[in-house]
Amino acid sequence: MASKSQVRGWNYRYAELLEFKKREGDCDVPSQTTSLGPWVSKQRLIYKTGKLSDDRIKRMEAIGFNWGSRTKRWNDRYSELVQFKA
């Protein structure tokens with residue numbers, strides 16, 4: 001079970017992610033972006049290992065978080081290129 005400070009820390013980063021999404025329109029935070037990028041990468045890793053709580057998974061998915069950001073981003077950009085070339 002997470003300590004109160006760990007829960008506060010997670011909630012703080014989650015709030016940062018919400019602000020990022022509001023500003024950028026998605027949750028695809030570059031891994032080099034301040035401390036939010038590494039946090040997002042860590043959430044993906046914890047999720048892939050099956051250790052992220054159901055509550056946190058639901059919260060992340062409720063805001064449109066993509067668990068495989070790189071593949072989605074590449075596919076989105078490729079689709080944009082195809083449409084541009086058409």
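**Salt bridges, a surface patch and a pocket**

In this predicted model, Glu 24 pairs with Arg 23 in a salt bridge whose closest N and O atoms lie 3.4 Å apart. Neither partner is tucked away: Arg 23 is exposed, with a relative accessible area of 58%, while Glu 24 comes in at 46% and is classed as partly exposed. The 3.4 Å separation counts because the cut-off for a salt bridge is 4 Å.

The count of salt bridges comes to 2. Glu 16 also forms one, with Arg 13, and here the closest N and O atoms are 2.6 Å apart. These two residues sit 3 positions apart in helix α1, which covers residues 4-24, so about one helical turn separates them. Glu 16 has a relative accessible area of 24%, making it partly exposed; the line between buried and partly exposed is drawn at 20%.

Helix α1 also holds Tyr 14. With a relative accessible area of just 8%, Tyr 14 is buried, since anything under 20% falls in that class. Tyr 14 and Met 60 are 46 residues apart along the sequence, yet their C-alpha atoms are 8.2 Å apart in space.

Another tyrosine, Tyr 78, belongs to helix α4, which runs over residues 69-85. Tyr 78 is partly exposed, at 46% relative accessible area, and that puts it past the 30% needed for a residue to join a patch. Together with Trp 74, Leu 81, Val 82 and Phe 84, Tyr 78 makes up a nonpolar surface patch of about 600 Å².

Turning to empty space, the second largest pocket has a volume of about 230 Å³. Helices α1 and α2 (36-48) each provide at least two residues of its lining, and the largest share, 4 residues, comes from α2. Among the lining residues are Trp 10, Trp 39, Ile 46 and Leu 52. Gln 6, Gly 9, Gln 43 and Ser 53 line this pocket too, as do Ala 2, Lys 42, Lys 51 and Arg 56. By residue type, the lining of the second largest pocket is a mix: 5 nonpolar, 4 polar and 3 charged. Gly 9 goes with the polar group, because glycine is counted as polar here.

Methods
Residues numbered from 1 in each chain as written. Predicted model: local features only at pLDDT ≥ 70, side-chain atom pairs only at ≥ 80, totals over all residues. Heavy atoms only, no water. Salt bridge = Lys/Arg side-chain N within 4 Å of Asp/Glu carboxyl O. Buried < 20%, exposed > 50% of the residue type's maximum accessible area, 1.4 Å probe, protein only. Patch = residues over 30% accessible without salt bridge, like charges linked within 9 Å, V, L, I, M, F, W, Y side chains within 5 Å. Areas by Shrake-Rupley, 256 points an atom, 1.4 Å probe, with all protein chains shown as cover. 1 Å grid on protein atoms, 1.4 Å probe; cavity = no way out; pocket = protein on both sides within 12 Å on 5 of 7 lines; lining within 4 Å. Points joined across faces, edges and corners; volume = space filled by probe spheres on them.
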